[in-house]
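Here is a friendly walk through one protein and its ligand. Have the sequence and the 3D view open as you read.

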Amino acid sequence: MKINISKAQQFVAAGAVEALEPQVKAAQKALEEGTCAGNDFLGWLHLPSSITPEFIKEINETAKVLQQNCDAVVVAGIGGSYLGARMVIDALSNTFGWLQPSKMPRILFAGNNIGEDYLSELIGYLKTVKFGVINISKSGTTTETAITFRLLKKMCEEQMGKDIAKKVIVAITDAKKGAARTTADKEGYKSFVIPDNVGGRFSVLTPVGLLPIAVAGFDIEALVKGAQDMEKQCDISAPLADNPAAVYAAIRNAIYQSGKKIEIMANYQPKLHNLGEWWKQLYGESEGKDGKGIFPASVDLTTDLHSMGQWIQDGERTIFETVISVEKPNTSLQVPSDQENLDGLNFLAGKRIDEVNKMAELGTQLAHVDGGVPNIKISIEKLDEYNIGQLIYFFEKGCGISGLILGVNPFNQPGVEAYKKNMFALLNKPGYEAESKAIQERLK
Ligand code: PA5
């Protein structure tokens with residue numbers, strides 16, 4: 001993995017990135033020594049290097065049970081309890097694999113919304129297959145996930161019988177507290193623990209991400225190896241220029257301080273759409289607080305050049321762009337020649353599709369820079385487990401450092417409670433009587 005900030009540095013004062021070095025070092029030191037805000041949630045920092053072969057084996061063995069017994073596995077979770085798994089599985093899967101017969105179970109995601117049609121349609125499909133459930137909730141009490149799990153547990157038991165249900169329902173939750181833990185222990189489900197000191201959005205390298213990724217048939221050992229290597233590369237002992245996470249944290253803060261408040265993550269591979277979704281949660285929930293924080297947005301290119309491209313090129317100059325560039329595709333396909341050449345594209349005949357994509361990427365970078373959009377380029381060699389593992393740790397470490405430079409606690413999310421309080425008051429949840437009364441007054 002490489003980071004190139006030359007087309008971003010030209011937009012900030014000379015030496016602005018280097019000037020942030022003391023703050024970068026202080027942030028890294030605070031993370032290492034556990035002296036920063038949110039220091040009870042630093043379990044992610046050396047998580048990759050703490051993962052043992054025995055642990056990988058246990059995850060793979062559980063994955064095998066689900067693979068052998070299920071045509072589909074529903075991952076029930078929201079926020080950090082599903083976005084990492086979804087991102088990795090999408091990045092590594094054949095885009096149209098779901099249309100083909102497969103030996104691996106189809107991985108479906110639920111518990112991340114409260115859409116009645118979504119759940120009804122999911123249930124409609126599950127009636128036709130043998131399915132399992134991975135119920136993921138650190139707190140064990142999240143409404144979206146709990147409602148979904150209620151439905152799926154009942155259905156799984158009715159459809160396959162309690163004994164099989166016990167085999168194909170796995171819980172990933174807190175060691176001791178929460179409804180998900182109580183149910184898992186009572187029913188005798190296989191369960192994994194989300195460490196206390198790892199927050200949801202930093203949990204993709206715990207069973208939260210590793211189990212669904214393994215069930216989908218991917219090599220979690222290689223994923224973890226990528227993260228381990230990046231953990232070494234981003235070590236506090238590395239000089240700023242050799243530490244990609246530190247460079248990323250420094251440049252995005254330098255740009256933010258220069259007045260650009262929106263960072264757009266762009267990819268040129270449809271499989272990376274959910275990398276954008278995972279990254280938005282990681283950075284949005286970590287940094288958007290105390291009236292501060294870069295707003296993380298994402299686009300899929302070249303697709304969105306035909307929708308958001310106009311805004312990026314010519315809209316209000318408050319944005320910068322971080323491009324994820326994949327150097328080599330995993331397949332090979334050329335533009336065919338056409339005798340009639342009605343579309344005038346015979347000049348491309350014989351070229352790899354990826355070459356056209358790369359020229360679109362370069363042309364877009366130059367155009368956006370000309371249009372006043374700083375450009376950070378993050379390149380990976382190819383889409384595989386190892387490279388995705390590297391990206392995961394790189395973004396996590398970059399987020400921890402960046403949030404501390406910004407001066408917030410990157411590891412809490414107090415703002416998420418506001419909607420829950422109102423929702424519970426509106427639904428007359430016991431214990432919310434005063435809030436219910438107050439909200440009814442407001443709605444008069
Ligand atoms: O990053 C976070 O902490 C959150 O996004 C949580 O992952 C999300 O709210 C789900 O919480 P839980 O796992 O407790 O159901």
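A residue counts as exposed when its relative accessible area is over 50%, as buried when that value is under 20%, and as partly exposed in between. Keep in mind throughout that this is a predicted model.

## Two loop residues with positive phi

With those cut-offs in hand, start with Asn428. Asn428 has a relative accessibility of 55%, so this residue counts as exposed. You will find Asn428 in the loop between helix H18 (417–426) and helix H19 (433–443). Its phi is near 55°, which is a positive value in a residue other than glycine.

Asp290 is another residue to look at here. The phi of Asp290 is also near 55°, again positive in a residue that is not glycine. Asp290 sits in the loop between H14 and S8, and a relative accessible area of 60% makes Asp290 exposed.

## A cis peptide bond

Next, move along to the loop between strand S8 (295–300) and helix H15 (309–314), where Thr302 lies. The peptide bond that runs from Leu301 to Thr302 is cis, and its omega is near 5°.

## The ligand and its shell

Now turn to the ligand. It is surrounded by 13 residues, and the closest are Ser81, Ser137, Lys138, Thr142 and Gln281. Sorted by class, this shell holds nine polar residues, three charged ones and one nonpolar one.

Which atoms of Gly80, Ser137 and Ser139 come close to ligand oxygen atoms? For Gly80, a polar backbone atom is 2.9 Å from an oxygen atom of the ligand. Ser137 uses its side chain instead: one of its polar side-chain atoms lies 2.6 Å from a ligand oxygen. In Ser139, an N or O atom of the side chain is 2.7 Å from an oxygen atom of the ligand. Taken alone, the ligand exposes 390 Å², and the protein buries 87% of that area.

## Helix H6, mostly covered

Helix H6 spans residues 83–92, and eight of its ten residues are buried. Those buried residues are Leu83, Gly84, Ala85, Met87, Val88, Ile89, Ala91 and Leu92.

What do the buried residues of H6 pack against? Their partners are strand S3 (106–110) and four helices: H11 (207–215), H12 (220–233), H14 (273–287) and H17 (385–406).

## A buried glutamine in H5

Gln67 belongs to helix H5, which covers residues 53–69. With a relative accessible area of 19%, Gln67 is buried, and a polar atom of its side chain lies 3.1 Å from the backbone oxygen of Ala214. Leaving aside residues up to four places away in sequence, Gln67 touches Met104, Pro105, Ala214, Val215 and Gly217.

## Cysteines without disulfides

How many disulfides does the structure hold? The count is zero. For a pair of cysteines to qualify, their sulfur atoms must be within 2.5 Å.

Cys70 shows why such a bond is missing there: the closest cysteine sulfur, in Cys156, is 7.5 Å from the sulfur of Cys70, too far for a bond. Cys70 is also buried, with a relative accessible area of 5%. Cys234 is likewise unpaired, because its sulfur is 13 Å from the closest cysteine sulfur, that of Cys399, and this is too far for a bond. Cys234 is buried as well, at a relative accessible area of 0%.

Conventions
Residues numbered from 1 in each chain as written. Predicted model: local features only at pLDDT ≥ 70, side-chain atom pairs only at ≥ 80, totals over all residues. Heavy atoms only, no water. Near = heavy atom within 4 Å. Polar contact = N/O pair within 3.5 Å; in protein donor to acceptor, adjacent residues only side chain to side chain. Areas by Shrake-Rupley, 256 points an atom, 1.4 Å probe, with all protein chains shown as cover. Nonpolar A, V, L, I, M, F, W, Y, C, P; charged D, E, K, R; others polar. Buried < 20%, exposed > 50% of the residue type's maximum accessible area, 1.4 Å probe, protein only. Contact = heavy atoms within 4.5 Å.
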